[in-house]
Amino acid sequence: MENRKVSNLGNRFAEVAGRIGGEIHLQALRDTFAILMPFFVLAGLGTLLNSVLFPYIFSGTTLEQMQVWGSLVNNSTLNICGLLVAPICAYTLARHKNFQNAIGAAAIAIAALVTFMPVSNSIIPVGMEESVVVEGVVLFKNLGTQSMFAGVIVGLVVTEIFMKLANNKKIQIPMGDNVPPQVGKSFEAMIPTILTIAGCAIVSALLIVLVKMDLITLISTVIQEPLRKINTSLPGFLFIFTLGNLLFTFGIHQAVIFGTVLEPLLIANINDNALALSNGQVPPHILTKPFVTVFAQMGGTGCTISLLIAILIFSKYQASRRVGQLALAPGLFNINEPLIYGFPIVFNIPMMIPFIGIPFLFSVIGYVLTSIGFVAKTVVFIPWMTPPLISGYLATGGDWRAVIIQICLIALGTFIYLPFLKMSDAIAQKQAFAENN
């Protein structure tokens with residue numbers, strides 16, 4: 001009876017979480033960052049080579065010449081990530097809503113983002129101490145990580161406005177069937193395009209004239225930074241991350257919460273760290289996207305690399321061992337769905353406790369060790385499927401202590417999982433015996 005109540009509660013909880021995760025704007029946001037992942041990985045590679053490898057090999061003028069490559073990589077990835085986010089958000093949202101002119105929505109998002117940029121900028125020229133005001137230029141700071149959250153808002157909101165206008169047949173200019181399809185689409189979208197971009201320009205002009213602040217700076221100051229301080233503080237991170245892991249035990253993928261509420265902010269943090277390192281500055285953030293991979297998701301959500309080791313070494317239940325053997329290869333690359341759904345962990349009450357608790361504990365340990373300077377901050381954006389030990393070394397820019405910490409945490413996690421594994425095996429054997437008899 002108790003198990004049935006837990007199952008019903010879990011089903012209701014999973015249904016609500018599934019509806020939240022299926023929200024079309026959140027889907028578009030997840031798709032956007034999935035598309036941009038190769039750019040951020042390339043930026044991490046550029047930072048690793050520029051700031052870690054090249055200084056060991058080259059020096060003087062040769063080092064400066066080699067680091068030009070990394071600077072160009074940064075310019076084409078981190079320094080324009082806001083400009084990349086806006087059109088991709090627009091395109092993915094339009095596709096999810098089956099809007100026919102998705103590429104037009106992406107183009108309008110770029111134009112809208114530019115209209116919200118400042119018309120003048122204060123810069124300090126090389127060799128001078130006082131700043132000067134320049135006009136007619138766009139700075140990387142208005143295109144990069146500072147504008148990433150603005151890119152998301154512009155990409156989603158402006159696209160919604162454009163699609164509503166474009167679907168209004170009263171303002172379309174029909175050209176008939178005698179013209180090429182793309183020409184016809186352009187004329188149909190002409191008035192909605194003009195109205196959308198002109199409206200954005202009016203809003204931007206009012207902000208600059210009345211508030212003395214452009215929209216990108218306003219969003220960064222009022223929304224992005226306060227939200228990042230809350231969500232990527234240790235308490236905020238632990239709450240959101242643990243909630244995502246709890247969802248996974250009910251069959252709803254952790255990305256429903258983590259991928260939409262937390263991941264974009266953690267990506268912004270690692271981008272800030274990478275830029276700081278490339279500029280010779282101290283990285284400002286502890287909690288980043290690679291931090292999760294290095295400390296809280298070894299083997300996948302729940303740090304299940306430890307569970308795999310516990311199964312293969314200590315479990316005597318053949319069904320568990322077979323699942324562990326099948327899940328080992330993908331588990332080394334942090335793909336643990338075979339274990340989560342095949343062992344299973346979902347709706348398995350004994351396994352829920354370590355699955356949720358171990359990442360919580362490891363996050364705290366990783367945070368404390370990083371904050372006291374025992375291990376370097378994560379500065380390189382690594383792919384989430386990077387195997388444990390390799391991930392720690394690469395993400396911290398070659399700090400061997402991260403590898404030692406990962407080894408210790410994996411061992412600790414194995415012994416934490418062990419009693420719950422024995423309990424789960426015992427329950428599974430009793431259930432199998434009851435079913436067979």
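This report describes the overall build of a predicted protein model and then looks at some of its parts.

## Overall build

The protein chain of this predicted model contains 18 helices and 2 strands, and its C-alpha atoms fill a box of roughly 75 × 65 × 40 Å along the principal axes. Of the 437 residues in the chain, 48% are buried. Among the contacts with a separation of 6 or more, 71% are between residues 24 or more positions apart.

The chain exposes about 21000 Å², and carbon and sulfur atoms supply 68% of that area.

## Helix 5 and its cover

Helix 5 runs over residues 102-115, and its 14 residues reach 20 Å from the first C-alpha to the last, which is close to the 20 Å expected at 1.5 Å a residue. Its buried residues are A102, G104, A105, A106, I108, A109, A112 and L113, and what covers them includes helix 4 (81-96), helix 6 (148-166), helix 8 (190-211) and helix 9 (215-231).

In an α-helix there are 3.6 residues a turn, so residues three or four places apart point the same way.

## I240 in helix 10

I240 belongs to helix 10, which covers residues 234-249, and with a relative accessible area of 8% this residue is buried. When its neighbours within four places in sequence are left aside, I240 is in contact with N231, I257, V261 and L262.

A201 stands 39 residues from I240 along the chain, and the C-alpha atoms of these two residues are separated by 36 Å.

## A nonpolar patch on the surface

On the surface, L328, L332, F333, I335, W384 and M385 make a nonpolar patch of about 490 Å². One of these residues, L328, is found in helix 14, which is formed by residues 318-332, and L328 counts as partly exposed because its relative accessibility is 32%.

## Cysteines without disulfides

A disulfide is a covalent bond between the sulfur atoms of two cysteines. The count of disulfides in this model comes to 0, under a rule that asks for a pair of cysteine sulfur atoms within 2.5 Å.

Two cysteines illustrate this result. For C200, the closest cysteine sulfur is that of C89, and because it lies 15 Å away it is too far for a bond; C200 is buried, with a relative accessible area of 8%. For C303, the closest cysteine sulfur belongs to C408 and is 14 Å away, so it too is too far for a bond, and C303 counts as buried at 0% relative accessibility.

Terms used: Residues are numbered from 1 along each chain as its sequence is written. This is a predicted model: local features need pLDDT of at least 70, side-chain atom pairs count only at pLDDT 80 or more; totals for chains, interfaces and linings use all residues. Side-chain values use heavy atoms; hydrogens and water are left out. Patches are made of residues with over 30% relative accessible area and no salt bridge: like charges are joined within 9 Å, nonpolar side chains (Val, Leu, Ile, Met, Phe, Trp, Tyr) within 5 Å. Accessible areas come from the Shrake-Rupley method with a 1.4 Å probe; for residues, only the protein chains shown count as cover. A salt bridge is a side-chain nitrogen of Lys or Arg within 4 Å of a carboxyl oxygen of Asp or Glu. Helices (H or I, at least four residues) and strands (E, at least two) are DSSP runs, numbered from the N terminus. Buried means under 20% relative accessible area, exposed over 50%, partly exposed in between (1.4 Å probe, protein chains only). The expected span of a helix is 1.5 Å times one less than its number of residues. Contact means heavy atoms within 4.5 Å.
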